[in-house]
Amino acid sequence: MKHAKKSILFFLLASVPLFAQQKITLEEIWGGAFRSKGMDEVKAMENTNQYTVLNVNWNAGTATVDLYDFATLNKVGTLIDTRGMSEFPQGIDSYSFSNDEKKMLLAANSDQIYRHSFVADYYSYDVYSKKLTRIAENKVQEPSFSPDGKKVAYVYNNNIYISDLANGIVRPVTKDGKKNAIINGVCDWVYEEEFSFVKAYEWNATGDKIAYIRFDETEVPEFSMDIYGKSLYPTRDVFKYPKAGEKNSLVSLHIYDVNTNTDKEIKLGNYTDFYIPRIKWTNEAQTLSVQVLNRHQNNLDLIFVDANSGSAKVVLNETDKAYVDVTDNLTFLDDNSFIWTSEKDGYNHIYVYSKTGKLVNQVTKGKWEVTAYYGYDKKTKTIFYQSTENGSINRDVYRVGVNGKNKMRLTTQTGTSDAKFSTDYNYFLNFFSSATQPETFTLNSSKDGKPVKEVLNNNALKDKLGKYSLKDKEFTTITTEKGNVLNAWFIKPSDFDPNKKYPVLMYQYSGPGSQQVANKWHSTNDYWYYMLAQQGYIIACVDGRGTGFKGAEFKKVTYKELGKYEVEDQIDAAKVIAKYSYVDASRIGIWGWSYGGFMSSNCLFKGADVFKMAIAVAPVTNWRFYDSVYTERYMQTPQENAAGYDTNSPINFVKNLKGKFLLVHGTADDNVHVQNSMQMIEALIQANKQFDWAIYPDKNHGIYGGKTRLQLYSKMTNFIKENL
């Protein structure tokens, strides 16, 4: 009996760590319990070796923009403090500077329009006199200072205006702006979403010209969404949305002369059905650069426009058998030669061209990708960039001579490093994280990359997570039966036993050029995966063909067949995973959001004997329903490639459904319209298939607000527990 008591006592003591392990809850996840500390709105000053940070006190509804010295990291001042300022009841939403950095533009009380666009109350703030001036009576979009800081241009109701800060006189630049018809100076819906910019006008360096893009969306078909709200009758939001193969906005380029108050339309060439995804003034004040894409997006011209004469000349042309990506890394040097990034050799790299478009030098080379361009130090003739040279799932900061020599890796930790450089390029703020290390912020020397001082860490979060006894995310590769080598990660239960059989939930996104298998700190979803792992699930993620950062051939193999190779790879990867000795092959599920929802639906329908269940949130169900710019970039038009659309859209394969299916969508999704799910639902009904679904009233593509995310993830968790 005594020995038995000792054995029981030993068992209980040995079991304490297991039973004491804290369990992650959805309330913690969506209540912000695992939110990491960061640095908001960091801007390097152009005229001093300093940087600014927006520091917000969310509880008090106040904000400060504080100034720090790059060399010491010491705080040297506060440019503005909104305490006691009635104009900023919720603090500052964003800020920018005039060229001389003596004035600031401050946004407050912002109202979101689409993914990137918003209107706000904007104020000009004199840093030295502390004078605050509202720039317009109404909420406006995308204001910017003139080069001398004396005027502000902005967009209101689809027209561009210039306000003189000295006397308050407002001058219209355009007058024909009209909702759902003509837009001046900001983008239409599809440009904003797919070319990722809103502000479509630019001052030149001398402040005597404004170049802008005009959108005539009169002939673009309209899409409408009912907004239910709490009123007796729903309202309706109507906006222009060009679906694949439909009419786009007619775009034109204009240059407005501030001194003469005249407008000139620029004839770019013999283009029809084209895009203007970028405009940027060069270092020559009267020369504007314009990127022009054909509708297929496989021909990109860089054009230089003489602002005085209006003449336009192509200085660089890029073509591709699939598509050409627009670059944001165009940088003009003193002599108007320029730096450009391109994947024309199969990987994204840095090139230097003369002002006439002649290739001077390919700066970087190799079977790896340049993933960010930070800038050029003309004193040392050095380029700073981020790349995947240390593996496609990692990011490091490098420097290299503009001649391609003397390359140096400036960051040494394995994971994801990102940088913000001082104006003199002597220092950089390094933002580092990995799958095992929360974000840390350090000041590093650009000479050798060595850390000088720590700015901020998340050690408290790391210590907090230690109480949950979580198992580190495991990175590996999976080789499918077809021989495709795919990056992957796994999250296993902390008490993982290789002799047991576990259910597996696969997560993926899979969209062209995307990446989910990345060595960086946890997303909010990762905490959900850890919660599921604590409940006995293995979570897996596989980046199949079509995803990014492994070269153009790997990414563009899906051209004209979105959903074919990506689905094959998820099914093939699941078959490999099913053979692991610790996996229950009869209990493999898959889920995804947006493109990932398109994928999870397809995988369940086309891999009916592999997947037991799937969750699709806000999915594209038929590529004919999605927008022109994105869809045609990868698929051409439905008129040209009907088979590519039809054989890879899940709505056409609902008859194959065997497993459990949960379909989720928001009714106010302006991006992937709820139409996708409604037509999928009807197809499932007519195929006499049973499934579960949830529709979230007035919620957009992100499906959030109030308790929405908590309710959604509770639903998905319960669905997984009941069906996997």
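Tyr241 is where I will start: with a relative accessibility of 2%, this residue counts as buried. Bear in mind that we are looking at a predicted model. Its partner in what follows is Phe223, which at 14% relative accessibility also counts as buried; the cut-off for that word is under 20%.

Now the rings themselves. A pair of aromatic rings is described by the distance of the centres and the angle of the planes. For Phe223 and Tyr241, the centres are 6.3 Å apart and the planes are at 50°, a tilted pair. Phe223 belongs to strand β16, residues 222-227. Tyr241 is in the loop between β17 (235-240) and β18 (250-257). The two residues are 18 apart in sequence, and the pair links distant parts of the chain.

How many aromatic pairs does the structure hold? The count is 56. One of them is Tyr51 with Tyr68, and this one is stacked, with 5.3 Å from centre to centre and 15° between the planes. Tyr51 comes from strand β2, residues 50-57, and Tyr68 from strand β3, residues 62-69, so this pair ties together parts that lie 17 residues apart in sequence. Are these two tyrosines buried or exposed? Tyr51 is buried, at 1% relative accessible area. Tyr68 is buried too, at 17%.

Next slide, the cluster. Ring pairs join Tyr323, Tyr509, Tyr559, Tyr595, Phe598, Trp623, Tyr626, Tyr630 and Tyr634. Tyr323 has a charged contact as well: Lys556 lies over its face, 4.9 Å from the ring centre. There is another lysine of this kind, Lys492, whose charged end sits over the ring of Phe496 at 4.6 Å from the centre.

Last topic, a sheet. Strands of a sheet pair through backbone hydrogen bonds, either parallel or antiparallel. Here we have an open sheet of four strands, in the order β24-β25-β26-β27, and the pairing is antiparallel. Which strands stand at the edges? They are β24 (331-332) and β27 (359-362); each has a single partner strand, so one side of each is left without a neighbour in the sheet. The partner of β27 is β26, residues 349-353, and three bridges join these antiparallel strands. Across that pairing, Tyr351 stands opposite Gln362 in β27.

To recap the ring pairs I showed: Phe223 and Tyr241 are tilted, whereas Tyr51 and Tyr68 are stacked. That is what I have for today.

Technical notes:
Residues are numbered from 1 along each chain as its sequence is written. This is a predicted model: local features need pLDDT of at least 70, side-chain atom pairs count only at pLDDT 80 or more; totals for chains, interfaces and linings use all residues. Side-chain values use heavy atoms; hydrogens and water are left out. Rings of Phe, Tyr and Trp (its six-membered ring) pair if their centres lie within 6.5 Å; planes under 30 degrees apart count as stacked, over 60 as edge-to-face and the rest as tilted. Buried means under 20% relative accessible area, exposed over 50%, partly exposed in between (1.4 Å probe, protein chains only). A charge sits over a ring if NZ of Lys or CZ of Arg is within 6 Å of the ring centre and within 35 degrees of the ring normal. Two strands pair if DSSP finds at least two bridges between them.
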